[in-house]
Amino acid sequence: DKYTSIESVKDAVVITQSGSVQESMFNDQIGKDGCKEFKLVSSMTDGYLAVAEGKADVCITALSAADLYAEANGGLATPDFQLEIDPNMNGTVVAMPKEGSDALCEVVNEVIDELNAAGKIAEWEEYYKAYAKELGIE
């Protein structure tokens, strides 16, 4: 429980995937002056390995992925503290149509809202996380 707040990473080497949402969250909420050192890697797996090997103290990643990796590999833990997540970033990723296709965007967003309200996206996520774990996939 060493990392309990944004301030607690001030003496930590922080790592995350380059070009990821997590890099953006780091930049917005912590910034390079908010930690001892900030490193970027090409994949989250490289970030997990860097923490496991002592090359970094903290990897900023999705909690669900971190939990799966920690359970499968041991020696790592996920703290109770999380960066603030914009409610508009609910984990759903959709390839949006070309600009000017507002009607289609509205339909896609309505369907996503309906699926979220019905709990389907969360249900699917839990199902496939369990399935991935059975397969030994992070």
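**Chat about a predicted model**

Trainee: How much of the protein chain counts as buried?
Mentor: Of its 138 residues, 26% count as buried. Keep in mind that this is a predicted model.

Trainee: And the surface, how much does the protein chain expose?
Mentor: About 9,400 Å². Carbon and sulfur atoms supply 51% of that area.

Trainee: New topic. How many helices and strands are there?
Mentor: The protein chain has five helices and three strands.

Trainee: What pattern do they follow along the sequence?
Mentor: It reads β-α-β-α-β-α-α-α.

Trainee: What about contacts between residues at least 6 apart in sequence? What share joins residues at least 24 apart?
Mentor: In the protein chain, 57% of those contacts do.

Trainee: Let's look at H3 and H5. Where are they in the sequence?
Mentor: Helix H3 covers residues 63-73, and helix H5 covers residues 120-135.

Trainee: How do their axes cross?
Mentor: They come within 11 Å and cross at roughly 25°. Angles under 35 degrees count as roughly parallel, so H3 and H5 are roughly parallel to each other.

Trainee: Left-handed or right-handed crossing?
Mentor: H3 passes H5 in a right-handed crossing.

Trainee: Which residues make the contact?
Mentor: From H3, they are Ser64, Leu68 and Glu71. H5 brings Glu125, Lys129 and Lys133.

Trainee: How does that contact split by class?
Mentor: Four residues are charged, one is polar and one is nonpolar.

Trainee: Which one is the nonpolar residue?
Mentor: Leu68 of H3, because Leu counts as nonpolar. Ser64 is the polar one, since Ser is in neither the nonpolar nor the charged group.

Methods. Residues numbered from 1 in each chain as written. Predicted model: local features only at pLDDT ≥ 70, side-chain atom pairs only at ≥ 80, totals over all residues. Heavy atoms only, no water. Helix = DSSP H or I, 4+ residues; strand = E, 2+ residues; numbered from the N terminus. Buried < 20%, exposed > 50% of the residue type's maximum accessible area, 1.4 Å probe, protein only. Contact = heavy atoms within 4.5 Å. Areas by Shrake-Rupley, 256 points an atom, 1.4 Å probe, with all protein chains shown as cover. Axes fitted to C-alpha atoms, helices over the stretch in contact; angles between N-to-C directions. Parallel < 35°, antiparallel > 145°, perpendicular 65-115°, else oblique. Left-handed = near helix turned anticlockwise from the far one by under 90°.
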